[in-house]
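Subject: The structure we talked about

Hi there,

Here is the structure I promised to pass on. Have a look at it first, and then read on for my notes.

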Amino acid sequence: MNPSPLAGKHIVLGICGGIAAYKSVSLLRLLIKAGAEVQVVITPAGKQFITPVTLSSLSQKPVVSEFFTANTGEWHSHVDLGLWADCMVIAPATASTIGKMAHGVADNMLVTTYLSAKSHVFVAPAMDLDMMAHPSTTANIELLRSYGNTIIEPETGYLASGLTGKGRMEEPENIVKVLEGYFARSLTLAGKRVLVTAGPTYEKIDPVRFIGNYSSGKMGYALAEECAARGAEVTLVSGPVSVTTKDPRVKVVKVESAREMLAECEKAFPASDISIMCAAVADYAPAAVADRKIKREHSEVPVIELVKNPDIAATLGARKKPGQILAGFALETDNEASNAVEKLERKNLDLIVLNSMRDKGAGFGTDTNKITIIDREGSHPYPLKSKTEVAADIVDSIQSRL
Ligand code: PMT
């Protein structure tokens with residue numbers, strides 16, 4: 001049997017004070033069984049739910065909770081722990097600790113270790129459904145996501161309060177699968193150059209108006225971060241979006257119009273091993289841009305003449321060299337599969353990722369997507385997943401062609 005990708009990995013397991021802390025014991029056992037070396041860091045509230053003796057017996061390491069050991073004065077270095085870890089997983093993560101992590105409230109060992117961690121951080125929230133749904137919690141979770149942390153979404157089900165809803169910590173077996181997936185993929189794209197486009201393009205009408213679309217950039221940014229996490233050198237050519245990446249390995253090039261996006265793609269494409277065209281590029285632009293705001297007071301309703309924008313994917317497809325992989329997206333509202341296959345052929349793509357506006361939770365703006373990957377061999381549908389997971393599926397599919 002192949003060893004687990006967790007074998008030999010250093011994992012900091014952070015445990016907070018919630019009833020789901022009992023599941024952390026199973027999680028710890030599974031991590032140790034997979035061959036990982038685990039250092040448990042527990043909050044003072046966490047110790048009310050689960051004893052350090054249980055945890056240190058399983059991890060074979062003293063559990064860290066305070067900054068000092070009271071009787072010896074021994075100092076526990078969160079900086080050293082942060083450097084030691086190949087990843088940190090906080091399970092369960094309570095609303096309180098999530099809030100502290102989001103805002104840098106470094107008043108316990110777990111939060112200081114989190115703030116010092118150089119490696120990837122996984123956060124598995126667990127709390128009652130109302131706390132989970134509170135705007136404060138959702139905003140804090142979004143902040144953690146924006147710091148590049150992976151949120152392992154809680155399940156919906158029976159909660160300790162007796163209520164039923166979203167807030168149950170993901171099962172330990174599934175948390176282990178997420179971690180295994182992360183380490184199995186890591187650095188498999190080392191030495192590769194990747195070009196990703198993301199977001200909408202804005203085509204100016206006058207100094208205050210434009211033609212655009214609803215793309216948020218979430219799908220493209222997730223793809224760029226996924227490739228960077230696997231060790232690739234990533235250029236992300238991004239239209240105007242409010243999402244950001246904190247991943248220093250992603251070089252973001254900001255553009256506004258389709259023509260600007262094409263120019264940046266033309267620079268990066270020749271050296272790229274993989275190019276993923278995720279941007280929602282405007283097909284048309286105004287033939288002329290008014291140099292002053294078009295006034296409402298004009299007697300006639302203005303007619304805006306449009307011209308065709310360049311097709312970026314097709315331009316790159318025509319220049320593609322053997323060994324380069326070019327992936328496109330198709331955002332459809334009808335005749336989904338046949339339209340996607342037509343684009344695959346016309347733009348000389350190696351694969352096309354179809355997402356349909358008819359599928360709930362798919363396409364523009366959402367945190368989730370439902371895709372079908374189509375190539376010349378056939379098509380492979382995937383269930384609705386977070387855009388981070390969808391990005392991993394797409395990059396897996398691309399890598400299998402390298
Ligand atoms: O940004 P999000 O809110 O997360 O939403 C993600 C998304 C819905 C934008 C994304 O998943 C997606 O589907 N992107 C492509 C949207 C699109 O413009 O589809 P299309 O079917 O019109 O274009 C087909 C392909 O050609 C795409 O790869 C597109 O990038 C490319 N194209 C299109 C027109 C053009 N002038 N140049 C292009 O390169």
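Let me begin with one residue on the surface. Y22 counts as exposed, because its relative accessibility is 53%. Please keep in mind that this is a predicted model. Y22 sits in helix α1, which covers residues 21-33. Together with I19 and F49, Y22 makes a nonpolar surface patch of about 340 Å².

**The chain as a whole**

The protein chain has 13 helices and 21 strands. Its radius of gyration is 24 Å, which agrees with the value near 21 Å for a compact globule of 402 residues. Along the principal axes, the C-alpha atoms fill a box of roughly 80 × 55 × 40 Å. Buried residues make up 48% of the 402. The chain exposes about 19,400 Å², and 54% of that comes from carbon and sulfur atoms.

How much of the contact total comes from residues 24 or more positions apart? Among contacts with a separation of 6 or more, such pairs account for 67%.

**The strands**

Next, a sheet you can trace by eye. Five strands form an open sheet in the order β2-β1-β3-β4-β5, and their pairing is parallel. The edges are taken by β2 (37-42) and β5 (150-151); each has a single partner strand, so one side of each is left without a neighbour in the sheet. Further in, β3 (residues 87-93) and β4 (residues 120-125) run parallel and are joined by five bridges. If you want a pair to find on screen, M88 has V121 in β4 as its bridge partner.

An antiparallel example comes later in the chain. Strands β9 (residues 203-206) and β10 (residues 209-211) pair in that sense over three bridges. The two form a hairpin, with two residues between them. Within this hairpin, K204 stands opposite F210 in β10.

Then there is β17 (residues 351-356). Is this strand mostly covered, or mostly open? It is mostly covered, as six of its six residues are buried. That holds on both faces: L351, V353 and N355 are buried on one side, and I352, L354 and S356 are buried on the other. Strand β16 (residues 325-332) runs parallel to β17 and is joined to it by six bridges. F329, for instance, has V353 in β17 as its bridge partner.

**Salt bridges**

Side chains of opposite charge can pair when their charged atoms come close. The count for this model comes to 25 salt bridges. Three of these pairs are worth a visit.

The first to look at is E37 with K61, whose side chains meet at 2.9 Å, N to O. E37 lies in strand β2 and K61 in the loop between α2 (52-59) and α3 (78-84), so this pair ties together parts that are 24 residues apart in sequence. E37 counts as partly exposed, because its relative accessibility is 34%.

Another is R358 with E336, at 3.0 Å from N to O. R358 is in the loop between β17 and β18 (368-369), while E336 is in helix α12 (residues 336-346), so parts 22 residues apart in sequence are tied together here. Are the two partners buried or exposed? R358 counts as exposed, at 60% relative accessibility, whereas E336 counts as buried, at 14%.

Helix α12 also takes part in the last of my picks. R376 forms a salt bridge with E345, and their closest N and O atoms are 3.4 Å apart. This pair links distant parts of the chain: R376 is in the loop between β19 (371-374) and β20 (379-381), E345 is in helix α12, and the two are 31 residues apart. R376 is partly exposed, with a relative accessible area of 42%. E345 counts as partly exposed too, at 46% relative accessibility. Finally, K23, E155, R168 and E171 are joined into one network by salt bridges that share partners.

That is my tour. Do write back if you would like to go through any part of it together.

All the best

Technical notes
Residues numbered from 1 in each chain as written. Predicted model: local features only at pLDDT ≥ 70, side-chain atom pairs only at ≥ 80, totals over all residues. Heavy atoms only, no water. Patch = residues over 30% accessible without salt bridge, like charges linked within 9 Å, V, L, I, M, F, W, Y side chains within 5 Å. Areas by Shrake-Rupley, 256 points an atom, 1.4 Å probe, with all protein chains shown as cover. Salt bridge = Lys/Arg side-chain N within 4 Å of Asp/Glu carboxyl O. Helix = DSSP H or I, 4+ residues; strand = E, 2+ residues; numbered from the N terminus. Buried < 20%, exposed > 50% of the residue type's maximum accessible area, 1.4 Å probe, protein only. Pairing = 2+ DSSP bridges. Rg over C-alpha atoms; globule rule 2.2 N^0.38 Å. Contact = heavy atoms within 4.5 Å.
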